[in-house]
Amino acid sequence: MNWDYDHSILQVSGSLYRYFGMDRGHGSDPEMDAYLDRNRPQCIIAVLVDALGTSILDSYPEETAFLRSHLLKSVSTVYPPTTTAATTSFLTGRSPAENGWLGWNQYFKEKDDNIILFLNRSQYEGTRYPAGWSEHALPVEKIYDLLNRKDIPADSVWPGWAPHNPADTYASQLELAAELTGQNRFLYVYHDLLDDMLHRYGTDDEQIREKLRELNDETERFVRMLPGSVSVLVIADHSQINVRCIDLEQDEELCACFAKPPALEPRTIAFYIREGMKQRFEQLFRSHYGSEFLLLNHQETISSGIFGPGIPHERFEEFIGDYTAFAISDIELDYMRLNHMKGDHAGMVKEERYIPLILMQGAKTE
């Protein structure tokens, strides 16, 4: 259950906070600190490309040549290696255990429902909750909000579905970021299409090759048009691997043990078990899936520290269930999901875990 939180996305985030005079308690990355101290950028643009993990870059070296030429090193993301946990940790400088954002859907006892945090709706029932419900239930402070409160101008750019600064393509997101650069000291750009494509097609499809070439070339064009006073950080939240899916609901004997539907992710699963059935559940799960998943009970999960350092959120123990299962192979356990994914993440396989730390400077003469 070892997870490197000393050389991780938390320290990368810590370097951003440090540069702007703030401390989140998990230290900073010395090499990134040295880069920022040497260049003293007037603006830092953090571009987070969902699923652009190190294993994806390594699989397509020619298509990602420009990005790789500025690769400082790889670091570990948080656990689980998934967008909900990792982007929240990156923006807050807090571990998943601290901020409570652990996975795609989490069980909230006040609603008796598994709620998809990013979408504010039920995972299984179709119930929709008011916009912002999740952040009201689990408040977080993100770096651009904190900077603005300190009178340090900061902003963010999002995909086309977002209400704030939306842009439909990667190129248009970068174009908008370039327009905002002169007004801000920090910009966060989030791009999600690569992750969506990897889920649908897997890691080996020709469409992935073309998407990576686009990301590489558009990033190069973007950096060359920026002034030298701007630093660009390109990072990911996780990588992806090709997966094999099992329909968990077909295992009727195991599902009979459930008090609530499973939560979190298909590769990191929180189970809520009926009273008196825990021993039966353990026996069945280990018998059926013991070679594919590591199963820990509630106290073992807490003791493992896998969800990160720091004082755990007051609701952390609610969200990890009676047991948590951690994928150690390419198997994922889908529950009531209509469409299986070809690529996925959120498990313990090393290829899911490592993300690039790419740093570069604007090339345009001012």
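**Notebook: Tyr129, the cysteines and the whole chain**

I began with Tyr129, which counts as buried because its relative accessibility is 15%, under the 20% that serves as the limit for that class. I keep in mind throughout that I am reading a predicted model.

I then looked up where Tyr129 sits, and found it in the loop that runs between β5 (121–122) and α7 (133–137). Setting aside the neighbours within four places in sequence, I listed the residues in contact with Tyr129 as Lys111, Asp113, Ile115, Asn120, Arg121 and Ser122. Of these partners, Arg121 and Ser122 carry the numbers given for β5 (121–122). I also checked the pair Tyr129 and Ile116, whose C-alpha atoms lie 9.9 Å apart in space while the two residues are 13 apart in sequence.

Next I turned to the cysteines and asked how many disulfides a search of the whole structure finds. The search returned 0. For Cys255 the reason is distance, because the closest cysteine sulfur, in Cys257, is 8.7 Å from its own, too far for a bond, where a disulfide would need the two sulfur atoms within 2.5 Å. Read from the other side, Cys257 is likewise in no disulfide, and the nearest cysteine sulfur to it is that of Cys255, 8.7 Å away.

Are these two cysteines buried or exposed? Cys255 counts as buried because its relative accessibility is 16%, and Cys257 is buried as well, with a relative accessible area of 0%.

I widened the view to the chain, in which I noted 16 helices and 17 strands. Its radius of gyration is 20 Å, close to the 21 Å that the globule rule gives for 366 residues, so I record the chain as being as compact as a globular protein of that length. Along the principal axes, the C-alpha trace spans about 70 × 45 × 35 Å.

I also looked up burial and contacts for the chain, where buried residues make up 58% of the 366 residues. Taking contacts between residues at least 6 apart in sequence, I found that 73% of them join residues at least 24 apart.

My last entry concerns surface and charge. The chain exposes about 15,100 Å², of which carbon and sulfur atoms supply 47%. The chain holds 34 positive and 57 negative charges, and the mean positions of these two sets are 3 Å apart.

Definitions and conventions. Residues are numbered from 1 along each chain as its sequence is written. This is a predicted model: local features need pLDDT of at least 70, side-chain atom pairs count only at pLDDT 80 or more; totals for chains, interfaces and linings use all residues. Side-chain values use heavy atoms; hydrogens and water are left out. Buried means under 20% relative accessible area, exposed over 50%, partly exposed in between (1.4 Å probe, protein chains only). Helices (H or I, at least four residues) and strands (E, at least two) are DSSP runs, numbered from the N terminus. The radius of gyration is taken over C-alpha atoms; the globule rule is 2.2 Å times the number of residues to the power 0.38. Contact means heavy atoms within 4.5 Å. Accessible areas come from the Shrake-Rupley method with a 1.4 Å probe; for residues, only the protein chains shown count as cover. Lys and Arg count as positive and Asp and Glu as negative; His and the chain ends are not counted. The place of a charge is taken as NZ of Lys, CZ of Arg, CG of Asp or CD of Glu.
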